Structures are given as structure tokens and as C-alpha cells.
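Welcome! Have a look at the sequence and the structure below, and then let us walk through them together.

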Amino acid sequence: MDLSYILNELGEEREHYFNAVAPPILQTSNFSADTVADFRRKLFNESEAHLYTRGNNPTVTILEKKIAALEGAEHAIAFGSGIAAVAAAVLSQVSAGDHIVSVKKPYFWTDTLMNKFLPRFGVEVSMVDGTDPENYRKAIKPNTKLLYLESPNSYTFELQDIAAVVAIAREHNCTTIIDNSFASPINQNPIAFGVDFVVHSCTKYIGGHSDVMGGVICGARQSINKIFEREYMTLGAVLSPHDAWLLIRGLRTLPLRMERVAATTRKVVSFLEQHPKVKHVNFPFLPSHPQQGLAHKQLRNNTGQFSILLNTEDIARVETFCDKLQHFLMAASWGGHESLIYPMAATYTDSNLKPALPFTLVRFYIGLEDADYLIKDLEQALEEV
Ligand SMILES: Cc1ncc(COP(=O)(O)O)c(C=O)c1O
């Protein structure tokens, strides 16, 4: 399907709302029926009918249709946050006594779901280094039901070979779920590699303006309908119509923003890579990166995330570098218009002296500013290291 068609027309029924170009925000919790027969039809077909907004809302449906098409999926279901989508997708695939193999070091709350939440319900999780797909195979047990991927991966942006992990999953009758948030649906479509479910935090690139939260699961119609009947309706992590509207608006400019972010990031990375105060840059599109070939195979373009290791052993100098930056906000999240840093040094406290990642690591997200504006800022802050 044509990208322009998906972003501008798909799912929109303008003739039903005065030919308004922007869709209406159907801010209603409830929908009425005209007759008992009509009400009965809605009750027994809630995934398609308009009965109640925790199930179905037409503004949310427009968003779901567009994201499903972007991912090449039959269907999608939207949630109130990315982690709600991750949790519902994972919970939909396991029961007590089952086992999951997950890439290690996924997004923090995914890690918490895997290592703290699921074990309470009798689900066991093994975390593996996903840079070698064989590590997934080695960790599979007779009760393994799910292989979980996040590629690129949080903080250090290593990749998993998606097609290779899918092949292993199929050999062992396991389902695959990938968190595709870091790539965006513009740059990577894992369903084409055979993945069963793709999840996104829509809070990031899809929203794109740091003003809305949302999540989505994409997959086969039958599988998504099953999630609707169980995890979606019972956990109730619904996306509001207003937030769906903001995400539809974000989608209109997604390809333009991704292109701009990619070009600026390449310039910023080139500057940092040759700077003597920078020891290492984690960015899979660098020629020196061991996964550069895989990056070009799986991703259409680079995105705006990378991390660096500063060339110092002194946490105070790392903190000074971060504090001196004028045009990078220090914050969690990413994917908006604004460039950000996330200093790992902030996770070092008196009671947490040995976090998994070094304090010299600074995660970057490059937004929509000019490259030169950002590079000048980095230049002055690096003088402090
Ligand atoms: C890779 C990844 N997945 C999922 C999430 C969770 O998304 P949300 O914050 O929308 O719940 C995040 C949030 O930072 C993330 O970085």
C-alpha cells in the first residue's frame, strides 16, 4: 500500500463528517443501539461494533488501521501506553509454567515485566545476548512459548537478526514479539521477516511531539482479536480518542521527521566519532560497527538514537559534560522534536554503585534541530571532559 495513501486517506471516512479534513475526536464513552436486535448484535460482536470506548472507538480505529498498514499487518490494537501494549502482547502468549527467551537489557519496564512481574505468575524468563541468534536457540526449553526481541536494543542499540530468530522460533513452535519502537514503522517492518507481533510505543516517533502517550500491537487479525477478547478488555489500558487524534496527526509527518532525524544524527555521530574526548559510539550504521551489514539488511535508514562512552574515568567530568549542554534536554523518553540526553551516571547512587552500564555512557536522541546547532553545543560541553 502506498505510504502517502496510508498517511493521508486510509481509514478516514470524511463523507461521514462534513468532509472535514481532520477526523473528529469522538469523545464518548458510550454508543447507543436503536433496537434490541441492534444492541444484541453489538454485545456479541464487540471487537467490530461500537458499544463502549474501552472496546472500540472510531477515532482510535483510524489510527489502528494506519499503523497496521504501515507495519504490513492485517490488524492492530491501540493502548494507552507502549508498555501496556508490550505487557498485553507478552501476557497473551504465556500461561503459568511457560518459559520465555528474551533479548537481555530490553526497555526498563519490559525488563521489570520479564524479571519481576511474570515470575510471580509462574512464567520463567531467560535473557540472552541477542547479537547471536544461536543464543536464543540455546536457551529454548521444552516449555518455551515465546521469543521476545527489541531491535535496536535499549541503551547500546545492538541488533538481533530478526529473520534468524524467527526461523529458530518456527523450528520450536514459539511465537515471536518484537518491540519495533526504536526503528519506527518507517524504517523496519518485522512482519516481513515473519515476526508474529510487532509492538510500538507510539509515545515516541509516531506521536513525535512529546505530548501524548500510546502503544500498539500489530499482527494477524485472528490473533489480535484474541488479544481484544482477553488482555485488552480485561486490563482496560485503553487509548483515549483525543490521544488517538494526536497520534494520527503525528503520523502525517512521520516520514519527514524520520528523514530529518536520520540525516542530522549521521552528522552528529560523525562529529562525535572523531572527537578525542569520545571513546566509543554505539551506532549500528557506523562502518566500524560489527552489525553494520545487518543494520542495512533490516533497517531502511538509521534513526535518532545512539550512545557514547566518554573518554574519562571520572564521573564528575561526565556530569559536567551533561550539565554544560545547552540544547539537549536531560530527560527520559525520545522520539519528539527535541534532542535529549540520558546520562547513565544518573543511575549511580550510594546504594546503587554497580549498575549494568558504565557511568561514562550517555544515551542520545537527536530531534529536529539543525545539526550545526547541536554540534556547536557538543563541542563546548566536550571541552569540559
Ligand atoms: C523501546 C521502548 N519500548 C517501550 C517503551 C514504553 O513506552 P511508553 O512509555 O509509551 O509506555 C519505551 C519507553 O521509553 C521504550 O523506550
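What follows is a short tour of the ligand site and of one sheet.

## The model and its ligand

Please keep in mind that this is a predicted model. A good place to begin is the ligand, since the space it takes is the largest pocket. Around the ligand there are 14 residues, of which G82, D179, S201, T203 and K204 come nearest. By character, this shell divides into five nonpolar, six polar and three charged residues.

## Polar contacts and cover

Which parts of G82 and K204 face oxygen atoms of the ligand? For G82 the partner comes from the main chain: a backbone N or O atom lies 2.8 Å from a ligand oxygen. K204 uses its side chain instead, with a polar atom 2.7 Å from an oxygen atom of the ligand. W334 joins in as well, with a side-chain N or O atom 3.2 Å from a ligand oxygen. On its own the ligand has 390 Å² of accessible area, and the protein covers 93% of this.

## A five-stranded sheet

Now to the sheet, which is open and has five strands in the order 8-9-12-11-10, with mixed pairing. Strand 8 (278-282) and strand 10 (329-330) each have a single partner strand, so they stand at the edges with one side lacking a neighbour in the sheet.

Further in, you will find strand 11 (residues 340-343) paired with strand 12 (residues 361-365). Their pairing is antiparallel and runs over four bridges. If you would like a spot to zoom in on, try I341, which stands opposite F364 in strand 12.

Definitions and conventions:
Residues numbered from 1 in each chain as written. Predicted model: local features only at pLDDT ≥ 70, side-chain atom pairs only at ≥ 80, totals over all residues. Heavy atoms only, no water. Near = heavy atom within 4 Å. Polar contact = N/O pair within 3.5 Å; in protein donor to acceptor, adjacent residues only side chain to side chain. Areas by Shrake-Rupley, 256 points an atom, 1.4 Å probe, with all protein chains shown as cover. 1 Å grid on protein atoms, 1.4 Å probe; cavity = no way out; pocket = protein on both sides within 12 Å on 5 of 7 lines; lining within 4 Å. Sits in = over half its atoms within 2 Å of the grid points. Nonpolar A, V, L, I, M, F, W, Y, C, P; charged D, E, K, R; others polar. Pairing = 2+ DSSP bridges. Helix = DSSP H or I, 4+ residues; strand = E, 2+ residues; numbered from the N terminus.
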